[in-house]
Every structure is written in C-alpha cells, then in structure tokens.
Amino acid sequence: MKDEEKSKEQLLKELAELRWLDEDLKKLRQSEDKFRSFFQNSNDAIVIHDLKGNILDVNEKLLALFGYERPQMMDLSIPDIINIGEEDKYSSAMNVLNDEGAVIFEIDFKKKNGILFPAEVSSGILTIGSDKVVQGIVRNISERKRAEEELIKYRKHLESFVAQRTDQLEAANKELESFAYSVSHDLRAPLRAMEGFANALLEDYRDSLDATGKDYAMRVVAAAQHMDTLIQDLLAYSRLSRSALKPGAVSLDSVLGDVIHQFSTDIQKADAQIRVERPLPDVMGDHATLVQVFSNLLSNAIKFVEPGVKPRIRIWAEEMNSRVRLWVEDTGIGIAPQYHDRIFRIFERLQGVENYPGTGIGLAIVKKGLERMGGRSGVDSAPGRGSKFWVELRMKGF
Amino acid sequence: MASDNYTILLVEDDHNDVLLIKRAFQKVNIANPIVVLNDGEQAISYLAGREPYVGRALPMLVLLDLKLPRKSGHEVLEWLRQQQTLKRLPVVVLTASSESSDVNRAYDLGANSYLVKPVTFDALVEMVRTLNLYWLILNKRAEVSNE
C-alpha cells in the first residue's frame with residue numbers, strides 16, 4: 001500500500017513534469033514557428049550556412065533571387081553561387097566575421113541562369129546549441145550600382161563639358177584681348193596721322209588756306225581727338241570687364257589724392273573748388289579701378305556746369321555698418337530723375353557734344369568698376385540743383 | 001669714340017609716325033642726325049654693325065616702337081641687353097600700346113623709359129621737347145664701344 005501510494009505520488013509528479021515539458025515544447029514550437037515565419041516572410045533574402053560555406057537553409061526570397069528550387073539550393077555551398085574570381089573577397093569577409101562576429105561586404109553573385117548581380121551581404125554568427133552558423137542577408141544592389149555608375153558618368157560628362165566651355169571662354173577672352181590690343185595700337189595710328197597732318201596743314205600752309213579751309217582742317221583735328229578719347233574710354237571699359245581684379249584694402253584718401261593730382265590742370269582751367277572731407281575711410285577694392293571711377297566722377301563734376309559757373313565739388317564719406325558710401329556733390333546742371341538709370345548705360349548721353357564733349361562711357365565705367373568690386377553706384381539729382389553721385393563699397397575688414 | 005656720336009636711332013615702321021616724329025624734332029630744333037629703320041631685324045643688324053650697316057654710327061639713344069615687322073621691339077630689346085657693352089645704350093620705348101603687359105615686359109627686358117605716342121601733335125612736340133632735355137642733354141652717357 002505504501003509502495004502503491006508512493007508510486008501514485010510519483011506518477012502524479014511525473015505527469016505534472018510531463019505537462020510542463022509539453023508546455024515548454026509548445027512554447028518552443030511557437031517560438032520556432034515565429035522564427036520560421038519571420039525567416040520565410042522576410043523582405044530580405046536570407047541564407048544560413050556553416051563556417052565552411054555549406055548552405056543549411058534559405059528563405060523564399062533568396063530562392064527567388066537566385067532562381068533555384070529548394071532541394072537544388074540545399075546541395076550548394078557559398079563558393080558555388082559567387083562569381084568566379086570573387087573567392088578572395090568571400091574568404092576575407094569570413095575572416096572578419098570570425099574575428100568580429102559580424103561583417104558587411106559587397107560581392108558579385110551568380111544566379112542559376114548564369115546572370116551575375118552585385119550584392120551587399122550583411123553576415124552575423126548565430127549560436128545554435130554548441131554549433132555556430134552564419135546568417136547572411138543578401139541585398140541585390142544592381143540599381144544602386146547602376147545609379148552610382150550613372151552618377152559617375154554624369155560627373156565625368158559634366159567635368160568634360162565644363163572644361164570644354166572653360167577652354168572656349170579662355171579662347172574667346174584671348175581673342176578679345178588681342179582685339180583690344182590691336183584696337184589700342186593699330187586703330188590709333190591713322191588718328192595720329194589725321195591729327196598730325198591736319199595740324200601741319202594749318203601751320204605750314206596757313207597763308208594759302210582761307211578761313212573755310214582752316215575751319216575744315218580744324219574739324220579734322222577735333223574729330224581725330226574725339227575718336228581717340230572714344231577709343232581710350234572703350235579700351236578702359238573693356239579692360240575693366242575682362243581683367244582680373246585683386247580686391248584688397250585701399251585708402252580712399254590716397255585714391256582721391258591720385259585723382260586730384262591727375263586733374264590738377266583741368267581743375268585750374270575750370271577754376272574749380274574741390275573740398276575733400278578727410279580722413280576718408282579704407283575700403284575693400286582695387287586701387288587702379290577706384291582711380292578710374294573717381295576720375296570719371298570728378299571730370300563730370302567739373303564739366304557739367306552752366307557756362308560761366310565755377311564748379312564747386314564736395315567729397316565726403318558716410319559709414320553705414322559694414323559699408324561705406326562715398327558722395328561726390330557738385331553744383332552742376334543736374335539730371336532729371338527719369339534719366340538716373342539711363343546715364344549709367346554705355347554710350348548714353350543727355351547733352352549734345354557741342355555743349356559738353358564726351359563719349360558716354362564714363363559712368364558706364366563707374367558702374368562696371370563698382371560691380372567688379374562688389375559695390376554699387378547711384379545718383380541723387382534734379383535739374384538746377386546739382387548732382388550727388390555716390391559709390392558704395394565694403395569697409396576694410398568686412 | 002662712342003661719346004662723339006649724337007645719332008638717334010628711330011625704329012618705327014609707320015611712315016606717318018616717322019614723318020610726324022621728325023617734324024616734332026624740327027620744331028624743338030634738335031639737330032642730332034636721325035637714322036630710321038623699319039623693322040626689328042634691321043635694328044639688330046644696324047646695332048651689331050652687320051652688312052649693310054658696317055661702319056654705322058653708334059646711336060646715343062634708341063627710340064624703339066614695339067609692334068614691328070620681323071622682330072618685335074621686345075625682341076630687339078632682349079637681344080640688345082645681352083650684348084657686351086652695347087647693352088648700356090639707353091632705350092626709350094615709343095609706342096602706341098598702353099597695355100600694362102607691354103609696359104611691364106619692356107621694363108623687365110631693360111627699357112630705360114616708356115612713352116605712349118600721343119594722338120595730338122602738340123602733345124608729341126611737348127614729349128620730344130622733354131625727351132631732348134632729359135635724354136640728349138641732361139643724361140650722362142655710359143661708354144659704349146663697338147664689339
């Protein structure tokens with residue numbers, strides 16, 4: 001009886017243990033199912049192989065990717081499905097995997113039908129019981145590779161296109177330079193002859209020329225001189241457009257000093273009064289270009305006055321944060337507001353050459369010069385009230 | 001003796017300019033003889049005393065245009081500055097170009113002065129007057145002998 005009871009107790013205990021085992025097994029099955037469904041339904045192609053490369057399991061995605069039937073695939077090893085010549089890449093990736101437990105590498109695979117495709121493989125080591133296996137996630141990167149190659153092709157195309165355009169531009173620029181050179185040299189030679197020999201006529205034949213003859217010769221002289229100024233202004237303008245400026249800190253005091261020195265004869269002739277409110281600040285610009293700019297502004301201020309009026313010119317600077325505005329104010333004839341934009345365009349003139357000689361290039365030089373130095377220019381004026389021309393530049397250090 | 005020479009060598013291919021420059025010299029009453037050559041090769045032959053210029057008078061001043069047939073003014077200048085004592089000859093460039101590349105190159109090659117031909121004849125006369133005062137009267141000459 002005691003034995004019987006004991007065995008009954010034993011039986012119940014064993015029964016309970018069996019139930020637990022059954023529970024564990026169920027749980028294990030569930031987890032196995034979960035894993036299997038995850039493995040099978042994964043969007044990535046997954047292969048599980050041993051350390052020698054023998055394929056142990058693959059999911060549907062991988063079969064679809066390679067085009068094999070499951071039984072066929074299970075007989076293969078990794079070296080069978082990579083492209084010939086890629087073995088070294090594979091074995092060195094496996095070495096890294098051994099050392100670090102995970103590796104990502106790129107390799108070319110071969111499908112069942114022999115077609116190759118580039119892939120990125122992300123491998124990790126799984127420990128199942130005492131066995132170590134490798135799980136590899138295979139991603140076909142043909143699209144990415146194609147895009148990369150396309151990008152490289154485009155870049156190369158773009159580079160060669162840019163190089164070609166640069167060559168063309170350089171050639172055009174060279175041509176323009178030699179054109180300007182020939183203009184400065186060859187076009188002026190006939191002018192010297194016209195001016196020189198018309199002058200010789202006036203001097204050596206003054207007794208045989210009547211008043212009309214002298215007038216004609218004088219007109220030849222005047223026209224030649226005007227043409228020369230025109231050529232020089234055009235050259236200055238084109239030089240400004242094509243030459244490289246080296247902007248640096250420039251003292252406006254020294255620029256204005258140079259300009260006023262250059263104009264000393266004209267200033268005396270016109271009996272002009274010029275007041276520069278020194279010290280002027282230093283700006284970022286190019287000295288030679290600034291001399292050109294202020295030469296044109298000053299010569300306009302001296303030139304465009306009512307007959308008999310002595311030019312009074314005031315030059316001062318206005319500092320505005322990081323920028324400087326330099327004003328050139330005159331007591332001249334002034335400019336109606338509707339012409340304020342127009343006068344900065346090349347060859348635009350508001351006055352007849354008879355009253356105020358000029359080429360219509362001066363203010364275009366001012367505008368172009370300022371643009372090349374990253375500055376601006378403008379005017380504030382009305383007829384009879386004089387003009388206030390301004391140029392704006394970055395202050396030194398900004 | 002070199003210092004007995006008062007010849008001015010004018011290297012200029014534009015015949016109008018030659019006439020006008022000569023006229024300007026007359027206006028300023030410069031009596032120095034002027035030898036005119038029309039290209040860079042002639043200029044080098046003359047300075048070197050080669051045929052047909054054997055026994056030529058050494059100039060006291062060279063007035064050199066830059067844009068010349070056969071050999072440019074720059075080339076003449078470069079050649080001249082490589083000669084033994086001829087290199088001491090003062091050279092005044094007289095040209096139409098005011099391009100800074102031309103100006104800089106001329107000075108790099110050893111020009112003593114650089115003048116841009118003015119368009120008006122009056123300005124040319126003024127230029128020649130100053131040139132006479134400075135280079136022909138005031139300036140102290142170096143010894144230049146035939147090589």
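Two strands are taken to pair if DSSP finds at least two bridges between them. In the predicted model examined here, strand 3 (residues 61–64) and strand 4 (residues 91–95) of chain B run parallel and are joined by three bridges. Within strand 4 of chain B, B:Val92 is the bridge partner of B:Leu63.

These two strands belong to an open sheet of five strands in chain B, arranged in the order 2-1-3-4-5 with parallel pairing. Strand 2 (34–37) and strand 5 (113–116) of chain B occupy the edges; each has a single partner strand, so one side of each is left without a neighbour in the sheet. On average, neighbouring strands of this sheet are turned by 20 degrees against each other, direction ignored. Helix 1 (residues 15–27) of chain B packs on the sheet, where this helix touches strand 1 (8–11), strand 2, strand 3 and strand 4 of chain B. The direction of helix 1 makes about 170 degrees with that of strand 2 of chain B.

Chain B also forms an interface with chain A, in which 21 residues of chain A are in contact with 20 residues of chain B. Between them the two chains bury about 1,900 Å², 50% of it on carbon and sulfur atoms. Four salt bridges are found across the interface of chain A and chain B. A salt bridge links the side chains of A:Asp204 and B:Arg23, at 2.7 Å from N to O. On the side of chain A that touches chain B, helix 6 (142–186), helix 7 (188–204) and helix 8 (211–242) of chain A each supply at least two residues. Helix 7 of chain A gives the most, with 12 residues. The residues of this side of chain A comprise seven nonpolar, five polar and nine charged.

Definitions and conventions
Residues numbered from 1 in each chain as written. Chains lettered and ligands numbered in written order. Predicted model: local features only at pLDDT ≥ 70, side-chain atom pairs only at ≥ 80, totals over all residues. Heavy atoms only, no water. Helix = DSSP H or I, 4+ residues; strand = E, 2+ residues; numbered from the N terminus. Axes fitted to C-alpha atoms, helices over the stretch in contact; angles between N-to-C directions. Contact = heavy atoms within 4.5 Å. Buried area = accessible area lost by both parts, 1.4 Å probe. Nonpolar A, V, L, I, M, F, W, Y, C, P; charged D, E, K, R; others polar.
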